[in-house]
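Please work through the exercises below with the sequence and the model open beside you, and try each task before reading its solution.

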Amino acid sequence: MALEAFHEALGITFTLPVFGGMLLGLALGLVFGAVPGLNAVLGIVLLLPFVWTLSPFVAFAIMLSLVSAVHTSNTFPAFFFNVPGSPSAAATILDGYPMARNGDAARGLTAAFAVSAVGGIIGALVLLVALPALQPVVLAFAAPERFMLVVLGILMISFLSGTKPVKGLLAGAMGLWLGTVGQDPQLGVARFTFDSDYLLDGLHTVPIIMGLFALPEVVSLAMRGSIAERTHVDMGEGFWPGIRACIANRWLVARSAVVGVVGGAIPGIGGTAAAFYAYGMAVQGAGAAERERFGKGEIKGVIAPESANNASAGGELVPLLAFGVPGGATSAILLAAFLILGINPGPEMLGEKLSLSFSMVIVLVLSNLLATGVCIVITRPAARIAFLRSNLLIPALLLFVLFGSYVAYPHPLTLVLTLAFGVLGYFMMRLDWARAPLLVGFILGPLAENNLAISLASYGVAFLVRPIPLVCMAVMALVVFVAVRRGMGRT
Amino acid sequence: MKTHLRIRGIMLLVAVVALVSAVATAGAADFYAGKTITIVCPYSTGGTYDRMSRLVARFLPKHIPGNPAAIVNNRPGAGGVIGLRSVYKAEPDGLSLIHFTSPMVVRSLTGGIKDIDFKRLTWLGSVGGAHYIFALRSNRPERTIADFKNAETPIRVGASGPSSLLTQAPKFLQRAGKFNLRLVAGYKGYNPMALAMKQDEVDAVSTAGSAVMVNTATREMHKDGTIKLVLSMGGAPPPEPLKAEVAALPKFVDAIDDPQDRDAWVAFSGLLSASRPFAATPGLPAERAAILKKGMADMMADPEFRKTATDQGFVLNTLNAEEAENLILSVFNLSADIQERLKALLK
């Protein structure tokens, strides 16, 4: 039955409407990924009004290829403007932008795109093979497990702080505090909102990323003249070294893809956090000398998050197809699309709708490959952006930053917030404070708070002695122990 | 002769009134030709209110003379207040509509919404109501109202944000029904709560019967007996597949001993009966309001709309403009004592 369904899915996927739909989604996704502020959620929201006019095969071909392409092309602005094309590429900027500044953009981008394809395909294949097997994994991660996983992520802040751990921890604490702005999720008490409705839902991620990372670069770019500090580099030297770096780091690619799939599959964790986890793991697994290079243009710092964020797209579909529970914002819209088409995701996706499930996997594999192919082809011309004069780049960059923030949350205060975080980001950059820990604290803080509150209300303090939290605590103790020993070794 | 003249006079008057009203209606109809109606959904994309807004944007235009276009604009924030305020303060031209959850009106009683007078909105009808039920995991021993009140260990009930119906309903169970419950709050809507129920993180949920049937996790758990519906809370008629089962359940209103609490619950459950209203900006010209109300009523009777909505999992307990308005605004007619009690129960 499965083989028949697979053949049927293969046949349908290569019909003109479905394949054409996939190419359309691919084209849209490449644009939505490359333009800062536009993202996969916005892209598929715009498609939602037309979904009911399409067959499920065509509708999901367009939507899933759009998502895959966004996860691939969002690497461009991360490299050139220090701003992720969408939040899931936030971890890529840590080493992607320094690579571009070192004139190494072509090698870094090639590696990023190649591992994006591999990660995306691993994500799709895991979805195909392990959908029934992953259901218990999703069920095993209730609030206590999610809380511990998030705390483990917060510990990672120390790895994102370079050689200034104290500053990193303080920035992380500031991020945690910013994450508390808004209505308390349990009691509804307004915190730091100053009676403003705008702040009641908390600060928004996109304006913070844009302000914190992109605006300071505009100032710095104005002073430097161009993104790359080297005046000339042979573009031809980037492609094969990029591919070779991927092959050399194949286990990191695979590990990060697994992190991405699992992160995507656990509702509430998602691709952005998973990419930071993968980055943290890459730093953790590096040798002492290599570790010093992270944050300064280390290719492993690009490979790990890129593999994870593409793999998370397949992972996000697991709870959606298995339980009708979206793993993140993108799959929440996909759930709406399912319901608009009169399909209830669940066991029937492995039964009478199996050919649709297979078709979704095929589309994910194909669109990841095609998106990577297109991006690699345009990498060489795109890498020239790094050598453009700043007076050409700055107006476009400013427009993208402000437009992107505003689109994410259309309100005049969004622009004020973006500028305020721009000022904060500029001073942090000048005073050599890492900005990534602030972002990680901001993203993970609310997750930690909410899951802790649910854990305490549901299980009391006994949640700490469940098996997965115990394992997480052991891992945390080990991480702290290793970090302290390394610190003592240095001194 | 005099009578004859009087009859002719009356006929003339009727003809003039009919002509004036026809001209006015035709004018209003002309108004909509080539225009775009914006349906504001004050919640994020992908949820049930968003999907219903999109469905109405698709079907309403063909029931409005002039066949305007219609689009959906998601304006989430502050539990729906930001979107509602945008329509409340919009130009009263009949081009701005909103679809929101009716229990939001209670927030103007509790002081949560100060700058919106719900009585001034132009109510257009309600496309659905919810029948709330209490669903419990079968591994809990409680089955009767007395069991819920005297449960040995608190029943863990999933809850969402403070202004969500998914939190307000269990608060009634706990405070008016005196059930031994522990609210586990913080779930972002019904889907994660359903997963938590499957994970045995919560023992129960208090939600619309239709939600139990639409969500894959709870639908399967209901089918295989992992969860049971144990109490009918009230509201609109239950969805067809649950009708017989719900009819046999004990009623929540019978569990409430205090008469004031009971009155407060009855008023609140009225809101559940019209939980999916559409409204337009206050102060609309009468003829445009009439066109929108009629368009909405015609759309709700349209078999194609009904079939599409049902296929998407919606339970259509439709109410016309007047019925919806009366039910929703009835909370403002409660005595001061009951209003106070309602506030206390939902605090």
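**Exercise 1.** Compare the reach of helix 19 (residues 390-408) of chain A with its expected span, and find what its buried residues pack against.

*Solution.* Helix 19 of chain A, a DSSP run (H or I, at least four residues) numbered from the N terminus, has 19 residues and reaches 26 Å from its first C-alpha to its last, close to the expected 27 Å; that expectation is 1.5 Å times one less than the number of residues. The model is predicted, with local features needing pLDDT of at least 70 and side-chain atom pairs pLDDT 80 or more, while totals for chains, interfaces and linings use all residues. Residues are numbered from 1 along each chain as its sequence is written, and chains are lettered from A and ligands numbered from 1 in the order in which they are written. Among the buried residues of the helix (20 or more other C-beta atoms, placed from the backbone, within 10 Å of their own) are Leu393(A), Leu397(A), Phe400(A) and Ala408(A). The buried residues pack against helix 11 (205-224) and helix 20 (412-430) of chain A, where contact requires C-beta atoms, placed from the backbone, within 7 Å.

**Exercise 2.** Identify which element of chain B gives the most to the side that touches chain A.

*Solution.* Begin with the totals: the contact takes 33 residues from chain B and 34 residues from chain A. Among the elements of chain B giving two or more residues to its side are helix 2 (48-59), helix 7 (190-198) and helix 9 (216-224). Helix 7 of chain B gives the most, with 6 residues.

Notes:
Contact = placed C-beta atoms within 7 Å. Buried ≥ 20, exposed ≤ 12 C-beta atoms within 10 Å, placed from the backbone.
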